[in-house]
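Visitor: I would like a close look at a single part of this protein. Please pick one strand and describe its surroundings in some detail.

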Amino acid sequence: MMFPGVTLILLMAPPVWAQQPAPPPSSPEPLCSVSTDPTYGLSVERAVPVGGGAMYAAAREHRYLDALRGPKGDVVRYTRNGSTMPPGIDDPVDVYTVTYDGLETPLILYLDAYHFSEAKAPKGLVCAKPMSLGLPPPDQFLGAEQLDALAAEIASAPGFRAGPVDLEGDPPIGWLLDAFRVKSRRSRVSPAAPVAAAPKQTPSVRTTVVAFPQTCGSRVVAPSAIALLGPDGQVVDALATETGLAAVRARFPGQEIPAGSTAATFEADALQLKFQVRVTFADAACTTTPTRDSALEYLPAQLIESPMPARPADDASGVPWVAVQAVIDHQGAFQQVRALGGPPALARVAETAVRAWKARPQRAGPAPIAAPVMLQVTFTASAPH
């Protein structure tokens, strides 16, 4: 029954969904993985594999340590205590003392700069941010060892030929032998005494350049100096120079060398470092400039075939990938393949897979360059039984 002037208000029960308690907030994604192994990072045998080698280790280790926090988010403080190399371990391991407010006894952390895998926080610590280490550049010292070994191996192969790199110009500037070409030629001349692998502490890579003279009519103007120019403008002076024709020709056996040429040797690998060559003349001869610079165009290697391997059926490690350092040779084959971490079974599978990959080699102008590369090998699902 309705009454005039009265508004009917219905008190309805709240909907069922409004009566349910609000769901708890979802837990935030962890900022990094935390190891369940109580020895991870806390023993030299289980050093954290941050990678980077001697050139990049310090920056990568600091990035790793800066991401760590105590269990309650406490800011950590760390001090480097040097390195150690216990028996049975091939590479040095860096040692850090780590502490934070409230920790009674500081932690001793061990970081491995010569191997690389997924970095985790040691058990009992957390992260304030993702590790974000990323795949490191090739280890230059390991790369030198790999190039040395490949140079000695390939020099004895039938049909071997690694001619000098032309320093093109009008007229031509000269020729260049990078460290790989120098070492492979030495090994070919003296196969019984191949070049020894460079120790990690002293990278003895070398470059040899022969610069042609300038001519103007009957005048021949010999080069007075040869230097290397880096991408950032740095100048590398020659370690030694030679002007006698016989000595210069000895640097490039089998090549015709013009009279008046000059050879220079450098303790740097020009092509690996993407350097140009600068030749200086005391007399500019027919030109107004006393210098001539090469204009080598450097092109990076490109993968052509890189199928990822299947994970072994019995692997339960959960490791998502394995880092591998190899050398792409002049034909685009992957040589001197070495896994830098991961369970041994996965490392072997990754190395086998990479040996079958194909690439376009790195180039300096038209000339191929044997160059170290760092690769990340992931795994497809295991084949069903």
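**Strand 20 and its partners**

Guide: This is a predicted model, and the part chosen here is strand 20, residues 321-328. For the setting, the protein chain has 385 residues, 43% of which count as buried. It holds six helices and 25 strands. Of its contacts with a separation of 6 or more, 70% are between residues 24 or more positions apart.

Strand 20 is mostly covered, with eight of its eight residues buried. The cut-off for buried is under 20% relative accessible area. On one side of strand 20 the residues are W321, A323, Q325 and V327. V322, V324, A326 and I328 point the other way, and these are buried as well.

Two strands pair with strand 20. One of them is strand 25, residues 371-378, which is joined to strand 20 by eight bridges and runs antiparallel to it. The other is strand 21, residues 334-339, also antiparallel to strand 20, with four bridges between them. Q325 serves as a reference point for both pairings: Q325 stands opposite M374 in strand 25, and opposite R338 in strand 21. Q325 is itself among the buried residues, on the side that also carries W321, A323 and V327.

Strand 20 and strand 21 form a hairpin with five residues between the strands. Within this hairpin, G332 takes a positive phi near 90 degrees.

Conventions. Residues are numbered from 1 along each chain as its sequence is written. This is a predicted model: local features need pLDDT of at least 70, side-chain atom pairs count only at pLDDT 80 or more; totals for chains, interfaces and linings use all residues. Side-chain values use heavy atoms; hydrogens and water are left out. Buried means under 20% relative accessible area, exposed over 50%, partly exposed in between (1.4 Å probe, protein chains only). Contact means heavy atoms within 4.5 Å. Two strands pair if DSSP finds at least two bridges between them.
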